[in-house]
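Q: Could you take a close look at one part of this chain for me, the strand that holds the residue I keep coming back to, and then fit that part into the rest of the fold?

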Amino acid sequence: RARRIQEGLLPLGLPDLPGLSAASRYQPAEKVSGDYFDCFPIDPASPQGSHCLVMADVSGHGISAAMVMAMFKVLLRKEVRAGRPPSDVLGRMNRMLLEQIRGLHYVTVFLGYLDPVSGALEWCSAGHCPQLLVRASGGIEILAADGLFVGSFDELGATDQKLSMSAGDTLVLYTDGITEAEGPGGELF
């Protein structure tokens with residue numbers, strides 16, 4: 001039941017935006033986890049406008065991590081709005097999570113705002129593993145975190161960064177479940 005409820009908190013599909021294609025895959029290591037992703041319009045009244053992209057991972061496993069993930073989703077949807085930069089959103093969420101869960105869990109987060117028309121991406125990352133921008137030319141840009149985990153410290157230190165995506169570029173968002181997956185002998189891939 002918990003797994004079905006948690007899967008219901010994830011998007012059923014990704015938005016269909018002109019000029020963009022998106023795909024996702026969610027496979028928890030256990031029945032429930034603290035991994036979370038989403039993509040939704042920043043302004044619900046403008047469904048073809050800028051979208052919020054989020055990839056997050058709550059520390060730990062099991063029911064408690066899944067509960068924090070559910071709380072994180074609700075807070076994120078409340079805090080994201082036009083004119084509020086990603087770092088401000090994460091700073092607000094940091095204060096709320098510190099107050100509510102008192103450091104029992106923390107969340108690593110990549111949060112970006114993508115304008116599908118211009119290709120502009122404004123993003124920040126709080127302790128999340130490096131995300132990848134694969135350019136159509138074959139080059140790879142690493143979008144590394146400069147902030148601390150959400151829900152652990154009084155100050156995040158995450159800063160907003162901007163880049164421009166072009167036709168044929170691919171943005172790869174993932175959690176450490178990919179990089180820390182183990183082979184049959186226990187070695188990391």
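**From the whole chain to one strand**

A: Let's begin with the wide view: of the contacts that link residues at least 6 apart in sequence, 62% join residues at least 24 apart. Keep in mind that this is a predicted model.

The chain has four helices and eight strands, and reading from the N terminus their order is α-β-β-α-α-β-β-β-β-β-β-α. With a radius of gyration of 16 Å, close to the 16 Å that the globule rule gives for 189 residues, the chain is as compact as a globular protein of that length. Along the principal axes, the C-alpha atoms fill a box of roughly 40 × 40 × 30 Å. Some 41% of the 189 residues count as buried. The accessible surface adds up to about 10200 Å², and carbon and sulfur atoms account for 56% of that. As for charge, there are 15 positive and 22 negative side chains, with the centres of the two sets 9 Å apart.

Now for the strand itself. Gln161 sits in strand S7, which covers residues 161–164. Is Gln161 buried or exposed? Neither, really: its relative accessibility is 27%, so Gln161 counts as partly exposed. Setting aside neighbours within four places in sequence, Gln161 touches Leu121, Glu122, Trp123, Ala144 and Asp146. Thr179 is another story: 18 residues separate Gln161 from Thr179 in sequence, and their C-alpha atoms are 24 Å apart in space.

Step back along the chain and you reach the loop between strand S6 (140–143) and S7, where Glu155 is found. Glu155 has a relative accessibility of 64%, and that is over the 50% mark, so this residue counts as exposed. Exposed or not, Glu155 does have company: beyond its neighbours within four places in sequence, Glu155 is in contact with Asn94 and Leu148. The Asn94 partner is 61 residues away along the chain, yet the two C-alpha atoms are separated by 8.1 Å.

Another loop worth a glance runs between helix H3 (86–101) and strand S3 (107–114), and Arg102 has its place there. What's odd about the backbone? Most residues other than glycine have a negative phi. Arg102 is not a glycine, yet its phi is positive, at about 50°. Arg102 also counts as exposed, with 66% relative accessibility.

That leaves the cysteines. How many disulfides does the structure hold? Zero. Cys39 is in none, and the nearest cysteine sulfur, that of Cys52, is 7.8 Å away. A pair only counts as a disulfide when the sulfur atoms are within 2.5 Å. Cys39 counts as buried, at 15% relative accessibility. Cys124 is likewise in no disulfide, and again the nearest cysteine sulfur is that of Cys52, here 10.0 Å away. Cys124 is buried too, with a relative accessible area of 0%.

So, back to your strand: S7 holds Gln161, which is partly exposed at 27%, and the loop leading in from S6 holds Glu155, which is exposed at 64%.

How values were computed: Residues are numbered from 1 along each chain as its sequence is written. This is a predicted model: local features need pLDDT of at least 70, side-chain atom pairs count only at pLDDT 80 or more; totals for chains, interfaces and linings use all residues. Side-chain values use heavy atoms; hydrogens and water are left out. Buried means under 20% relative accessible area, exposed over 50%, partly exposed in between (1.4 Å probe, protein chains only). Helices (H or I, at least four residues) and strands (E, at least two) are DSSP runs, numbered from the N terminus. The radius of gyration is taken over C-alpha atoms; the globule rule is 2.2 Å times the number of residues to the power 0.38. Contact means heavy atoms within 4.5 Å. Accessible areas come from the Shrake-Rupley method with a 1.4 Å probe; for residues, only the protein chains shown count as cover. Lys and Arg count as positive and Asp and Glu as negative; His and the chain ends are not counted. The place of a charge is taken as NZ of Lys, CZ of Arg, CG of Asp or CD of Glu.
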